Amino acid sequence: VSAPMVQFTMQPAETAGSGGQAPYNVLVEDHAGSDTYRMKVEYSTDNLTWKRATLSGSLVDNGQDFQVGPIATSGGGVNLSLTWRSGTDLSGQEHNSVALRLILDNFAGRSAQTISSGFVLDNKAPIVPALLSPADNIETRDPTPLFIWQGVEEGAVYQLQVDNHADFSSPIIDQPSLSGNAYAVLTPAPPAQYFWRVKATDGMG
């Protein structure tokens with residue numbers, strides 16, 4: 001009698017901009033006949049200690065120890081689309097390698113398991129960039145100043161806003177996708193009091 005099998009058909013990886021979501025696909029097979037299984041999904045940062053993962057997707061009930069199921073194989077295969085909510089389980093983790101383990105069981109002597117490839121988490125938001133130039137409360141006669149701010153981490157994208165209103169309700173400059181930590185104004189701005197701010201976003205959003 002052939003044993004049941006569980007395998008990743010798409011390996012987990014965090015999706016850029018998702019805020020800590022790692023989708024993956026799983027195939028569960030049992031060609032020995034119709035049977036019903038449940039599956040536990042665990043994560044580990046060292047391949048030694050495993051903890052139950054918080055999931056979303058097909059047949060998920062996070063209140064159960066084996067969170068996925070029931071999975072009725074009916075003598076064939078079942079494809080599942082799942083997402084590990086890594087930002088919930090490992091918030092604040094940055095550049096850590098992690099793996100998922102799948103444990104399939106019918107609680108009647110038939111089981112299988114597999115471990116994913118390792119992948120990297122980035123669930124820590126970048127720090128707020130320090131504004132370097134022009135300095136706070138400085139008066140300048142340069143109508144095309146160079147804005148410079150602190151670079152916070154490799155791969156970060158910056159949004160620069162400049163406005164003559166403190167609530168930034170009508171910015172005269174709104175650059176949402178700057179890769180560097182400086183911006184040169186090309187169009188002269190009329191004399192006024194201006195406010196400026198910078199937001200950093202990393203690859204995970």
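**Exercise 1. Determine whether Phe168 is buried or exposed, then describe its backbone and place.**

Phe168 is buried, because its relative accessible area is 12%. Buried means under 20% relative accessible area, exposed over 50%, and partly exposed in between, with a 1.4 Å probe and protein chains only. The model is predicted: local features need pLDDT of at least 70, side-chain atom pairs count only at pLDDT 80 or more, and totals for chains, interfaces and linings use all residues. Residues are numbered from 1 along each chain as its sequence is written, and side-chain values use heavy atoms, with hydrogens and water left out.

Step 1: find the place. Phe168 is in the loop between strand S13 (157-163) and strand S14 (173-178). Strands (E, at least two residues) and helices (H or I, at least four) are DSSP runs, numbered from the N terminus.

Step 2: read the backbone. Phe168 is not a glycine, yet has a positive phi of about 55 degrees.

**Exercise 2. Carry out the same reading for Asn137.**

Step 1: Asn137 lies in the loop between S11 and S12.

Step 2: its phi is positive, about 65 degrees, although Asn137 is not a glycine.

Step 3: Asn137 counts as exposed because its relative accessible area is 74%.

**Exercise 3. Locate the cis peptide bonds that precede Pro70 and Pro134.**

Step 1: the bond from Gly69 to Pro70 is cis, with omega near 0 degrees. Pro70 belongs to strand S6 (residues 68-72).

Step 2: the bond from Ser133 to Pro134 is also cis, with omega near 0 degrees. Pro134 sits in the loop between strand S11 (131-133) and strand S12 (146-149).

**Exercise 4. Describe the surroundings of Lys40.**

Step 1: Lys40 is in strand S3 (residues 36-44).

Step 2: with a relative accessible area of 14%, Lys40 is buried.

Step 3: list the neighbours. Leaving out residues up to four places away in sequence, Lys40 touches Asp65, Phe66, Gln67, Arg101, Leu102 and Ile103. Contact means heavy atoms within 4.5 Å.

Step 4: pick out the polar pair. The side chains of Lys40 and Asp65 are joined by a polar contact of 3.2 Å. Such a contact is a pair of N or O atoms within 3.5 Å; within protein, one must be able to donate a hydrogen and the other to accept it, and residues adjacent in sequence count only if both atoms are side-chain atoms.

**Exercise 5. Place Met10 and state how far it is from Gln150.**

Step 1: Met10 is in strand S1 (residues 5-10) and counts as partly exposed, at 36% relative accessibility.

Step 2: apart from residues up to four places away in sequence, Met10 touches Pro23, Tyr24 and Asn25.

Step 3: Met10 and Gln150 are 140 residues apart along the chain, and their C-alpha atoms are separated by 38 Å.

**Exercise 6. Summarise the chain as a whole.**

Step 1: count the elements. The chain has one helix and 16 strands.

Step 2: take the dimensions. The C-alpha trace spans about 85 × 30 × 25 Å along its principal axes. The radius of gyration is 25 Å, whereas a compact globule of 205 residues would have one near 17 Å. This radius is taken over C-alpha atoms, and the globule rule is 2.2 Å times the number of residues to the power 0.38.

Step 3: note burial and contacts. Of the 205 residues, 39% are buried. Among contacts between residues at least 6 apart in sequence, 64% join residues at least 24 apart.
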